[in-house]
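Welcome! Work through the exercises below at your own pace, trying each task before you read its solution.

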Amino acid sequence: MQTYNILGRKVGSHYLAMLTLGTLFGTSYAMAGGSKKPQAGATPPLNASSPDEADFIKKFLDSADGKKAESKH
């Protein structure tokens with residue numbers, strides 16, 4: 001069995017391999033974990049040339065969201 005001298009102690013190569021893999025998968029899991037909640041009210045800006053056009057777009061989007069919610073029954 002291959003051993004390495006680390007801080008004055010003999011450590012087997014299989015322990016170093018397990019430590020390396022555990023660190024790799026542990027950090028990957030920690031970085032990918034957690035809940036990702038969508039931000040409420042995060043919509044792209046409306047580039048309307050007039051307030052009437054902006055109101056029309058908002059009403060259209062609201063009606064489209066209402067139809068989407070009704071069709072999910």
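Two strands pair if DSSP finds at least two bridges between them. Keep that in mind for the exercises, and note that this is a predicted model.

**Exercise 1. Find the elements of the chain and put them in sequence order.**

Solution. Start with a count: the chain has two helices and two strands. Next, walk along the sequence, and the pattern reads β-β-α-α. Now place the elements: strand 1 covers 3-6 and strand 2 covers 9-12, helix 1 spans 13-32, and helix 2 takes in residues 51-71.

**Exercise 2. Work out how strand 1 and strand 2 are joined by bridges.**

Solution. First, look at the number of bridges: strand 1 and strand 2 are linked by four, in the antiparallel sense. Pairing asks for at least two bridges, so the two strands pair. Then pick out individual partners. I6 is matched with R9 of strand 2, while Y4 is matched with V11 of strand 2.

**Exercise 3. Describe the backbone and the surroundings of L7.**

Solution. Begin with the location: L7 sits in the loop between strand 1 and strand 2. These strands form a hairpin with two residues between them. Now check the backbone angle. Phi of L7 is near 50 degrees, which is positive although the residue is not glycine. Finally, ask whether L7 is buried or exposed. Its relative accessible area is 85%, and exposed means over 50%, so L7 is exposed.

**Exercise 4. Compare a UniProt annotation with the model over residues 12-32.**

Solution. Step one is the record: an unreviewed UniProt entry lists residues 12-32 as "transmembrane region". Step two is the model, where this stretch is 95% helix and 5% strand. Step three is the span: the C-alpha atoms at its two ends are 31 Å apart.

**Exercise 5. Which residues make the nonpolar surface patch, and is F56 buried or exposed?**

Solution. The patch is made by L46, F56, F60 and L61, and its area is about 430 Å². Take F56 from this group: F56 belongs to helix 2. With a relative accessible area of 59%, F56 passes the 50% cut-off and is therefore exposed.

**Exercise 6. Locate N47 and relate it to I57.**

Solution. N47 lies in the loop between helix 1 and helix 2. Its relative accessible area is 74%, so N47 is exposed. Then turn to I57, which is 10 residues away along the chain; the C-alpha atoms of N47 and I57 are separated by 9.9 Å.

**Exercise 7. Summarise the surface and the confidence of the chain.**

Solution. For the surface, 3% of the 73 residues count as buried. The accessible surface comes to about 7100 Å², with 61% belonging to carbon and sulfur atoms. For the confidence, the mean pLDDT of the chain is 84, and 84% of residues reach 70 or more. Among the elements, strand 2 has the highest mean pLDDT (95) and helix 2 the lowest (81).

Note on methods
Residues are numbered from 1 along each chain as its sequence is written. This is a predicted model: local features need pLDDT of at least 70, side-chain atom pairs count only at pLDDT 80 or more; totals for chains, interfaces and linings use all residues. Side-chain values use heavy atoms; hydrogens and water are left out. UniProt positions are given in the numbering used here, feature names are shortened, and annotations may be inferred rather than shown by experiment. Buried means under 20% relative accessible area, exposed over 50%, partly exposed in between (1.4 Å probe, protein chains only). Patches are made of residues with over 30% relative accessible area and no salt bridge: like charges are joined within 9 Å, nonpolar side chains (Val, Leu, Ile, Met, Phe, Trp, Tyr) within 5 Å. Accessible areas come from the Shrake-Rupley method with a 1.4 Å probe; for residues, only the protein chains shown count as cover. A salt bridge is a side-chain nitrogen of Lys or Arg within 4 Å of a carboxyl oxygen of Asp or Glu. pLDDT is the predictor's confidence in each residue, from 0 to 100.
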